[in-house]
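Please open the model in your viewer and keep the sequence panel beside it, since this tour moves from one selection to the next. At each stop, make the selection first and then read what is there.

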Amino acid sequence: ADREKKYIHWWIQLYHNLDSDGYPNLFDEDQNYGLCHRLDRETSGTVLVGVTQLARQQMRECFHRHYVRKLYVCLAHGFIEPMEQTVDKNLEAMGQKARLHPNGKRARTHVKVLAQFTRKTKDGGVEEFSLCTCEIAEGRMHQIRLHMSAALHAPIVSEFYYQGQKQMMEDRKWCQRVFLHAYAVSFPDVSGEKRRVGADPDDDGLDCGLKDETKQEWHCCICPLTPELRNALEGLEPKNDESKKLLETITSTGLLMPSHEIVHVMGTENRKGEIDDVFFPWSSQVNPIEVGDLAKPRDAYPQNRIGGERGVPPSAPPSASASAASPLASAASASASGAAAAAAAAAANPPRG
């Protein structure tokens, strides 16, 4: 795990030309080398990186307020019914694993089946699979993996914790890692000295970005499915024409739709129309972000909407050494044009998520 962590840190540093003077946060172990969050072990996809200390602190606050939305893609065993549903089951962490338990923390996952496939086994049997998107409301440890396995009885292909070892070994003969991918991530622009989450526009002249909300920028980064996941899909037989069409799109582009690309928009209404409605129709309703929300202090924010991602502790106040200008870099941005960042993310994360 330590070797894998060094790999992702090295990749991020190399992407910024090993410039430790210009990007000291990426070389600071206390700042987790700029990483704002983590993915589960063997999960690929988008990762947000704070180029400066202030940017990372601000993005961590965004995670706590559920301003960061993520869309995952997974391949699960069985034909899941109904085709679209929400799992609302509490999760309790137990060391490196988790379990469904009424005394655990609330966790909601919205699952939508995009396509169905079959695969012939050597003994003449037929396996069934569902390709799904998953939106999460809270982001608990192993939330998607456990909800798929324990709640829907449809473990993710090559899952190593939440399905039997025999099935996992069979899966890995044709899919070498867990088929779970962070496909899209959306977040507000919090870069710069005068754009801070929770800042008071009347305090020292700081502008949180929503004094004139049309000037607030929002981003959505897309990370195509990695080559090994696309290769795994090529060995499956689509159940119907719709599944066949999606399979052709994914194996050729890595995208769910050819039109999917990185999005940058200004203002709440544009964000709702071009990002939320396209990629996050469910989570944007469960955790809505309205005009003025970015400006609210944490103690004025609804408590039932503050929870954050696994591995993102409460935000500390910016230190005196925080950089003034602080653009947020994203490994997802680089991976939108190739699989390098996605591969790095897949290799870089310990079994926590």
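A residue is called buried when its relative accessible area is under 20%, exposed when that value is over 50%, and partly exposed in between. Keep in mind throughout that this is a predicted model.

**First stop: a buried pair.** Select Asp-40, which has a relative accessible area of 8% and is therefore buried, because the value is under 20%. Now add Arg-145, whose side chain meets that of Asp-40 in a salt bridge, with 3.3 Å from N to O. Arg-145 also counts as buried, at 1% relative accessibility. Asp-40 lies in the loop between helix H1 (2-15) and strand S1 (44-45), while Arg-145 belongs to helix H3 (residues 143-151), so the pair ties together parts that are 105 residues apart in sequence. If you then add Glu-159, you will have on screen a network of salt bridges that links Asp-40, Arg-145 and Glu-159.

**Second stop: other salt bridges.** How many salt bridges does a search of the whole structure find? The search finds 13, and two further examples can be selected here. Choose Arg-99 and Glu-92, which form a salt bridge whose closest N and O atoms are 2.7 Å apart; Arg-99 is partly exposed at 34% relative accessibility, and Glu-92 is partly exposed at 24%. Next choose Lys-173 and Glu-170, where the closest N and O atoms of the salt bridge are 3.0 Å apart. Lys-173 is exposed, with a relative accessible area of 59%, whereas Glu-170 is partly exposed, with 36%.

**Third stop: the largest pocket.** Select Lys-112, Leu-114, Leu-256, Met-257 and His-260, which lie nearest the centre of the largest pocket, out of the 26 residues that line it. Two or more lining residues come from each of strand S7 (108-120), strand S8 (126-136), helix H6 (241-253) and helix H7 (268-279), and S7 gives the most, with five residues. The volume of this pocket is about 660 Å³. If you colour the lining by class, you should find 14 nonpolar, five polar and seven charged residues.

**Last stop: a residue in a loop.** Select Asp-293, which is found in the loop between helix H8 (283-286) and strand S13 (328-330). Is Asp-293 buried or exposed? Asp-293 is buried, with a relative accessible area of 5%. Finally, add Tyr-67: although Asp-293 and Tyr-67 are 226 residues apart along the chain, their C-alpha atoms are separated by 9.5 Å.

Definitions and conventions. Residues are numbered from 1 along each chain as its sequence is written. This is a predicted model: local features need pLDDT of at least 70, side-chain atom pairs count only at pLDDT 80 or more; totals for chains, interfaces and linings use all residues. Side-chain values use heavy atoms; hydrogens and water are left out. On a 1 Å grid over the protein atoms alone, a cavity is a set of points where a 1.4 Å probe fits but cannot get out, and a pocket is an open set with protein on both sides within 12 Å along at least five of seven lines; lining residues have an atom within 4 Å of a point. Grid points are joined across faces, edges and corners, and a volume is the space filled by probe spheres set on the points. Helices (H or I, at least four residues) and strands (E, at least two) are DSSP runs, numbered from the N terminus. Ala, Val, Leu, Ile, Met, Phe, Trp, Tyr, Cys and Pro count as nonpolar, Asp, Glu, Lys and Arg as charged, and the others, Gly among them, as polar. Buried means under 20% relative accessible area, exposed over 50%, partly exposed in between (1.4 Å probe, protein chains only). A salt bridge is a side-chain nitrogen of Lys or Arg within 4 Å of a carboxyl oxygen of Asp or Glu.
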